[in-house]
Amino acid sequence: MDSGAPGRVVVCASGVFAAEQSLEVRASKSYVHYIILSPINAYFGSSFRPVSVFVSEEHFRAVRGGTGEAKTIANYAMSLYATELARANGYDQVLWLDAVERRYVEEAGAMSVAFVYGGKHIRTPALSGSILPSVTRDSILKLAPDLGFPVSEERIDIGELVRDVESGAVSEVFCIGTAAVIAPIGRIGFQGRSYEVNGARTPLVARRLYEGLTDIQYGRVSDPYGWALPLDVPARVSAA
Ligand SMILES: *Cc1c(COP(=O)(O)O)cnc(C)c1O
């Protein structure tokens, strides 16, 4: 954590594992559900540094009918090898395409993704059965229009998208999830080419959404959506 700066505490990991004393391939009859809470710093390192994403055309995170729309361990396992390849190519994360037609944008790393057109209109992939229905994505869908940014959920073709990035029609790209809240994407690698998003200008919409959502999380503004719940906890909790 930054010294003295108030940190956010988020659910870093929550999960369920089978707790039956048995070695069989079938659903367990008893489970342990755990939640790990942790203070968290900026997810991708310092402040609002844009990350880069590499479009994977060979590996896929999830397929309709599989487990991709639930937060399961298998989701992460599926993403590790392609992420290593993206890093070896000089990118931070993978931009995932759908596994069936291999052309529609789904997510970025383990986050939802969105594209800003003309500094205002936000487009994000529509839930498809292989996209995780992220809580933060849902919050942005509600918050953004109230902040003056209309949002549409669509099928987004990667070829059209990189053309729109290249022409400057796309003014910002960002990913969305609990840990980072909003993280701007500055560069997209696709079919051997690198597309820089809007000449690396300050991502104003991403910043506004980040502030809008964290203002609600910290209680700096009133919460018209009923997302913030007061917790009755002791003023000081010492680590055991
Ligand atoms: C966790 C996760 C997200 C973000 O979901 P939130 O509920 O907003 O934290 C998006 N996509 C994938 C694949 C994830 O694992």
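Guide: A polar contact is a pair of N or O atoms within 3.5 Å, and that cut-off is applied here to a predicted model.

Visitor: What makes the approach of the ligand to the side chain of Ser134 a polar contact?

Guide: An oxygen atom of the ligand is 2.6 Å from an N or O atom in the Ser134 side chain, and because the cut-off is 3.5 Å, the pair qualifies as a polar contact. By that criterion the side chain of Tyr76 also qualifies, with an N or O atom 3.0 Å from a ligand oxygen, as does Val135, where a polar backbone atom lies 2.9 Å from an oxygen of the ligand. The protein covers 91% of the 380 Å² of accessible area that the ligand has on its own.

Visitor: Which classes of residue make up the shell around the ligand?

Guide: The shell holds 5 nonpolar, 5 polar and 3 charged residues, and the closest of the 13 surrounding residues are Lys71, Glu107, Ser134, Thr136 and Thr178.

Visitor: Turning to helix α3, how do you know that its buried residues line one face?

Guide: The buried residues of α3, which spans residues 158–167, are Ile158, Gly159, Leu161, Val162 and Val165. Viewed down the helix axis, they fall within an arc of 165 degrees, so they line one face of α3. Arg163 and Ser167, on the other side of the helix, are exposed.

Visitor: What is found at the start of α3, and what just after it?

Guide: At the start, a side-chain oxygen of Asp157 comes to within 2.8 Å of the backbone nitrogen of Gly159, while just after the helix Gly168 adopts a positive phi of about 90 degrees.

Note on methods:
Residues are numbered from 1 along each chain as its sequence is written. This is a predicted model: local features need pLDDT of at least 70, side-chain atom pairs count only at pLDDT 80 or more; totals for chains, interfaces and linings use all residues. Side-chain values use heavy atoms; hydrogens and water are left out. Buried means under 20% relative accessible area, exposed over 50%, partly exposed in between (1.4 Å probe, protein chains only). Helices (H or I, at least four residues) and strands (E, at least two) are DSSP runs, numbered from the N terminus. The arc is that of the directions from the helix axis to the C-beta atoms. A polar contact is a pair of N or O atoms within 3.5 Å; within protein, one must be able to donate a hydrogen and the other to accept it, and residues adjacent in sequence count only if both atoms are side-chain atoms. A residue is near a molecule or strand if one of its heavy atoms lies within 4 Å of it. Accessible areas come from the Shrake-Rupley method with a 1.4 Å probe; for residues, only the protein chains shown count as cover. Ala, Val, Leu, Ile, Met, Phe, Trp, Tyr, Cys and Pro count as nonpolar, Asp, Glu, Lys and Arg as charged, and the others, Gly among them, as polar.
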